[in-house]
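Reader: I should like to work through this structure step by step. May we begin once it is displayed?

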Amino acid sequence: MSKQNLLIYNTLSRTKQLFTPIVEGRVGMYVCGPTVYGDAHLGHARPAITFDLLFRYLQHLGYKVRYVRNITDVGHLEHDADEGEDKIAKKARLEELEPMEVAQYYANRFHDAMKALNCLPPSIEPHATGHIIEQIQLVKEILENGYAYESQGSVYFDVDKYNERYRYGKLSGRNLTDVINNSRELEGQSEKHNQVDFALWKAAQPEHIMRWPSPWSNGFPGWHCECTAMGRKYLGSHFDIHGGGMDLVFPHHECEIAQAVASQGDDMVKYWMHCNMVTIGGQKMGKSLGNFITLNEFFTGSHEKLSQAYSPMTIRFFILQAHYRSTVDFSNEALQAAEKGLQRLMNAIADLKRITASKESDAETHRVASELRQKCYDAMNDDLASPTVISHLFEATNTVNRVLDHKGSISAEDLEDFASTMHLFAEEILGLLPLGATEGASPAREEAFGHVVDMLLEQRAIAKANKDWTTSDRIRNELTALGFEIKDGKDGSTWTLNK
Ligand SMILES: [Zn+2]
């Protein structure tokens, strides 16, 4: 397996490209993080899980990865426009809390949800409010280079001027005329020269409570500034990957490119990666549309659209069953199917420990075992094709179940291959937690209970050998009543827990 084979889709070139890092052996990756003024919903889980998959895989390939994911705690205005109230300040006034108290509260809840989804924490998680100086510096550079202008204490990016030399719209494939035609004329935008210009710095209104001094006014940075300033601070003026949801391509990432080019002469990012949306009834699930279901509501089942609670691992598996560039449509049926599929896969991984190896594998088992690892690598290397990886793991699951049903045999070597490959791809790379690792149970504890069940089955085997049918039936019936499924075969009995 060569780490040179990873292809990733670059939104900028609209093609899959061979991934080659700027600095050998190292990867710099920046992902737009949450705006902390509300609970994370299923739509937020998607980029978190997608880029966790990439983070895990790059590390597995041996790269030293610096993964930066920001926390937006200021400056993201309502309707994604430059006017209106700051979302965090508005929530704070409504609840009579300090803005930072709101930000901290939701950041903590976001971290809890990420941990439940088994998303690894990023290497650095910078806050926008902690980087006002860097953002002011960025605005100064853009002003000095002539791509911005000051107007009534605010600073705006001069899109027309920029477009004379560069191309605003190259990431999203829009041209300036389209952008102008699609921009709404909002009240109070008269201080802009052109309606497509976007704010780099905004003078704060008297009632605005989140504000900082700057050369232009007491105010706050425009939303797009933080990622450009913090990406450069922690990953350098050129880094490998910038990711986020597809809804960020325009205007957020388009503006980030313009800011980088206007300040330093070229873009900072080599590969732009975007995951698709989660839809509900075919419509984007989002805060602004009010059709979202929070992750906590999924975990507890407390939402009218949910027919049951879904575990964090079911949510993770559900997201990974679709390719990250396809949409995922929410439905209870799809989630229930994901729950069953996940259980079948994780049962098979646990059951591998209970298989006794034979001298040789049957031909089909040997084929599946010997091809599995490379097939999974090929799928991951093809732009992180997680659904294909899952289909290969299901083929392996069917083989494991066939051997358990004594319809096939497996050699010690093939068994070891299965165990290590399934563990690697399901647990390490897809990040699915083993059975019993959630809800407070520990794998060691589960294993101990498993040994107790094995001991009971041994006692039952002894009873059967002694023709003590009362004891053997009683053990079987009581285990069945507890939810264990006992399968008797010629080499003894095996069990699975259907809970
Ligand atoms: Zn961003």
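Reader: Is lysine 467 buried or exposed?

Author: This is a predicted model, and the answer rests on a count of neighbours. Lysine 467 has 7 other C-beta atoms within 10 Å. A residue with 12 or fewer is classed as exposed. Lysine 467 is therefore exposed.

Reader: Where does lysine 467 lie, and what is its phi?

Author: Lysine 467 belongs to the loop between helix 15 (443-465) and helix 16 (469-481). Although lysine 467 is not a glycine, its phi is positive, at about 55 degrees.

Reader: Which loop holds arginine 14, and is this residue buried or exposed?

Author: Arginine 14 sits in the loop between strand 1 (7-10) and strand 2 (15-18). Its phi is positive, about 55 degrees, although arginine 14 is not a glycine. Because arginine 14 has 9 C-beta neighbours inside 10 Å, it counts as exposed.

Reader: Is threonine 314 buried or exposed?

Author: Threonine 314 is part of helix 10 (residues 312-320). Leaving aside neighbours within four places in sequence, threonine 314 is in contact with Leu335, Ala338, Glu339 and Leu342. There are 22 C-beta neighbours inside 10 Å of threonine 314, and the cut-off is 20 or more, so threonine 314 counts as buried.

Reader: How do helix 13 and helix 14 meet, and how many residues of the contact are nonpolar?

Author: The axes of helix 13 (residues 386-404) and helix 14 (residues 412-429) come within 11 Å and cross at roughly 145 degrees, and the crossing is left-handed. Val389, Leu393, Ala396 and Val400 of helix 13 meet Phe418, Met422, Phe425 and Ala426 of helix 14. No residue of this contact is polar and none is charged, which leaves the nonpolar ones, eight.

Reader: Why is one side of strand 5 and of strand 8 left without a neighbour in the sheet?

Author: The open sheet has four strands in the order 5-6-7-8, with antiparallel pairing. Strand 5 (148-151) and strand 8 (219-221) each have a single partner strand, so one side of each has no neighbour, because both stand at the edges.

Reader: Which residue of strand 7 stands opposite tyrosine 156?

Author: Strand 6 (residues 154-157) and strand 7 (residues 199-203) run antiparallel and are joined by two bridges. The residue of strand 7 opposite tyrosine 156 is alanine 199.

Reader: Which helix contains proline 251, and what is the peptide bond before it?

Author: Proline 251 lies in helix 8 (residues 249-264). The peptide bond from phenylalanine 250 to proline 251 has omega near 0 degrees and is cis.

Note on methods
Residues numbered from 1 in each chain as written. Predicted model: local features only at pLDDT ≥ 70, side-chain atom pairs only at ≥ 80, totals over all residues. Pairing = 2+ DSSP bridges. Axes fitted to C-alpha atoms, helices over the stretch in contact; angles between N-to-C directions. Left-handed = near helix turned anticlockwise from the far one by under 90°. Contact = placed C-beta atoms within 7 Å.
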